[in-house]
Amino acid sequence: MGLKPIIFCDFDGTITQIDVTDLILTELAHPSWREVEQEWVRGAIGSRECLERQMALVETSETELNALIDSVPVDPHFEKFYRFVGRRKLPFYVLSDGFDYVIRRVLRRAGVDGQLCNGTDLFASSLRLEGRRVVTSYSYPPAPCGHGCATCKVGILRRMARDHHPTIYIGDGLSDRFAVEESDVVFAKRKLAAYCQERGVACQQFENFAEIESAVRGLIGKPPARRPRPSVAPVTAD
Ligand SMILES: [Mg+2]
Ligand SMILES: [Zn+2]
């Protein structure tokens, strides 16, 4: 790979081991959220409308919501991977159909604190509590895309990559399906791996970020060797 790749990474089920939005809905929403889910599975509505309606069915307190978020297991190799991409100065973006409040709280616990700002390094929807109700908003893109995505991952990928860089995509689910079709290298698990297989999109299956780190090291090659320091001060001719 001649150029430095840009890395795009999903959050739910990829950085975390389970889908946090699903957990919030299962634990805190009125059971009719599952009917809305079926409309989305059938393709009748996009993920933006789906999440807007589902999250409106959640009733909770800040303490309860935070405790639930804090119970979510994170890939134990993610923090090391994040430090690796930082050291090698690889652009790294988290693209998520989930919510910034949740993501930032999980990442803080995973040792990635305050470094991923929504709209800069992280693209996700927003969530805030009003009393015991959850209010959501969707900014990426500000107007709904043709797919009806909560966050349009492929739209962001096109904008950030602008055809200059090889792109790497890491994900696990159907919200990643439009983006993988336009990525050069794909790391996939679960539903996304099945989708790639079905559609003939080349992908490398993964279980954790240790595997991705070693594959990315292989792709980008060794870091340039540091120039050895001269053992004696160079003689300047003047
Ligand atoms: Mg996911
Ligand atoms: Zn879209």
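**Entry 1. The magnesium ion**

I count as donors the N, O and S atoms within 2.8 Å of the metal; water is not among the atoms, so a site may look incomplete. With that in hand, I note that the model is predicted, and I turn to the magnesium ion (ligand 1), whose donor residues are spaced D-x1-D-x159-D in sequence. I looked up the atoms concerned: D10 and D172 each give OD, whereas D12 gives O. These donors lie 2.1 to 2.2 Å from the ion. I then checked D10 and D12, and both are buried.

**Entry 2. The chain as a whole**

I recorded the overall figures next. The chain has 238 residues, of which 48% count as buried. Its secondary structure comes to ten helices and seven strands. Along its principal axes, the C-alpha trace spans about 80 × 40 × 30 Å. I also looked at contacts with a separation of 6 or more: residues 24 or more positions apart account for 67% of them.

**Entry 3. The sheet**

In what order do the seven strands of the open sheet stand? I read the order as β4-β3-β2-β1-β5-β6-β7, and the pairing is mixed. At the edges stand β4 (133–137) and β7 (204–205); each has a single partner strand, so one side of each is left without a neighbour in the sheet.

I examined two of the pairings. Strand β1 (residues 6–9) and strand β5 (residues 167–171) run parallel and are joined by four bridges. Here C9 stands opposite I170 in β5. By contrast, β3 and β4 pair in the antiparallel sense, over five bridges. In that pair E130 stands opposite R133 in β4. The hairpin of β3 and β4 has two residues between the strands, and in it G131 takes a positive phi near 65 degrees.

I followed the side chains along β4. V134 and T136 point to one face and are buried, while R133, V135 and S137 point to the other and are not buried. The general rule is that side chains in a regular strand alternate between the two faces of the sheet.

**Entry 4. The nonpolar cores**

I asked which residues have the most contacts inside the largest nonpolar core. They are I15, I24, F78, F81, F92, I170 and F187, in a core of 51 residues. I170, already met opposite C9, was worth a separate look. Leaving aside its neighbours within four places in sequence, I170 is in contact with I7, F8, C9, D10, T14, F81, F187, F206, F209 and I212. The list thus includes D10, which is also a donor of the magnesium ion. Apart from the largest core lies another, of 23 residues, with I6, C145, A161 and V186 among them.

**Entry 5. The zinc ion**

C145 led me to the zinc ion (ligand 2), since C145 is one of its donors through SG. The others are H147 (ND1), C149 (SG) and C152 (SG), and the donors lie 2.1 to 2.4 Å from the ion. Their spacing in sequence is C-x1-H-x1-C-x2-C.

Why is the arrangement called tetrahedral? The four donor atoms subtend angles of 101 to 119 degrees around the zinc ion, and four donors count as tetrahedral if all angles lie between 85 and 135 degrees. The ideal angle for four tetrahedral donors is 109.5 degrees.

I compared two of the donor residues for burial. C145 has a relative accessible area of 17% and is buried, whereas H147, at 36%, counts as partly exposed. The cut-off is that buried means under 20%.

**Entry 6. Helices α2 and α4**

In helix α2 (residues 33–41) I found W33, V36 and E37 to be the buried residues. They cover an arc of only 105 degrees around the axis, so they lie on the same side of α2. These buried residues pack against α1 (20–28) and α3 (47–55). After α2 comes G43, whose phi is positive, near 85 degrees.

In α4 the buried residues are L65, N66, L68 and I69. Their arc is only 160 degrees around the axis, which puts them on the same side of α4. What covers them includes α1, α6 (100–109) and β3 (122–130).

I closed with N66, which has its place in helix α4 (residues 62–69). Is N66 buried or exposed? At 12% relative accessibility, N66 counts as buried. Leaving aside its neighbours within four places in sequence, N66 is in contact with Y101 and R105.

Terms used
Residues numbered from 1 in each chain as written. Chains lettered and ligands numbered in written order. Predicted model: local features only at pLDDT ≥ 70, side-chain atom pairs only at ≥ 80, totals over all residues. Heavy atoms only, no water. Donors = N, O, S within 2.8 Å, 3.2 Å for Na, K, Ca; no water. Buried < 20%, exposed > 50% of the residue type's maximum accessible area, 1.4 Å probe, protein only. Core = buried A, V, L, I, M, F, W, Y, C linked by side-chain atoms within 4.5 Å. Contact = heavy atoms within 4.5 Å. Tetrahedral: all angles 85-135°; square planar, octahedral: opposite > 155°, others 65-115°. Pairing = 2+ DSSP bridges. Arc of directions from axis to C-beta.
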